[in-house]
Each structure stands twice: as structure tokens, then as C-alpha cells.
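Visitor: I'd like a tour of the aromatic rings here, with the reasoning behind each label. Could you walk me through it?

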Amino acid sequence: EAGVPFKLFHMAVSDRNNMITDAQRLADGQFSLVFGGEFGRPYVVEYSTNLEYWAPLATNVVNGLGVLELTDPSATNRSRSFYRVNAP
């Protein structure tokens, strides 16, 4: 899109039995991901700008459909972000 700076997002999943099924930058610059996991289990979504230091973005529980949906509104304030999902 003209006038919108390109932002690069990378994701990693630490548990091989789980998977990010959708990830995208939204038109307003926010980042959205959909994660498939084990029902009722909490997962921590973390982000990093440099792959060295990670910060928790949210801790959510997968719903009855086995899905965790998350939007990162702060992604608009970072030039790039890396994401990972961990099961504590």
C-alpha cells in the first residue's frame, strides 16, 4: 500500500504439537495471529524486536475450538517484531 512503511513480522512456535495457523499485518498496522493449541491450556505469546530480548504480550487460554486469537495493537509503534508462542 502506498505511503505505508513495510513491516516485517516473524513467528516461531516452541511446541511442535501446536501451530500458528494465520498471521498477518492488518491494514491499520496492528498484527494479528491465530494459534491452534490444546483446549484449556494457557499459552504465552511473546514478542521481540531483536530476537535476543523477549517480552510477554499476553497469556491466553485456548478456547473450546482449540483456537487462540490475538491482536497486537502496539505493533504499529515498532519497525519490526518477532513473535513466539510458549506453553508455560
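**Rings and their labels**

Guide: Let's start with Phe-31, which is buried, with a relative accessible area of 2%. This is a predicted model, where local features need pLDDT of at least 70, side-chain atom pairs count only at pLDDT 80 or more, and totals for chains, interfaces and linings use all residues. Residues are numbered from 1 along each chain as its sequence is written, and side-chain values use heavy atoms, leaving out hydrogens and water.

Visitor: Why is Phe-31 called buried?

Guide: Buried means under 20% relative accessible area, exposed over 50%, and partly exposed in between (1.4 Å probe, protein chains only). Phe-31 has 2%, so the label is buried. Tyr-83, at 1%, is buried too.

Visitor: What makes Phe-31 and Tyr-83 a stacked pair?

Guide: Rings of Phe, Tyr and Trp (its six-membered ring) pair if their centres lie within 6.5 Å; planes under 30 degrees apart count as stacked, over 60 as edge-to-face and the rest as tilted. Here the values are 4.2 Å centre to centre and 10 degrees between the planes, so the pair is stacked. Phe-31 lies in strand 3 and Tyr-83 in strand 7 (strands are DSSP E runs of at least two residues, numbered from the N terminus), so the pair ties together parts that are 52 residues apart in sequence.

Visitor: And why is the pair of Phe-35 and Tyr-43 called edge-to-face?

Guide: Their centres are 4.8 Å apart, and 65 degrees lie between the planes, so edge-to-face is the label. Both Phe-35 and Tyr-43 are buried.

Conventions: Helix = DSSP H or I, 4+ residues; strand = E, 2+ residues; numbered from the N terminus.
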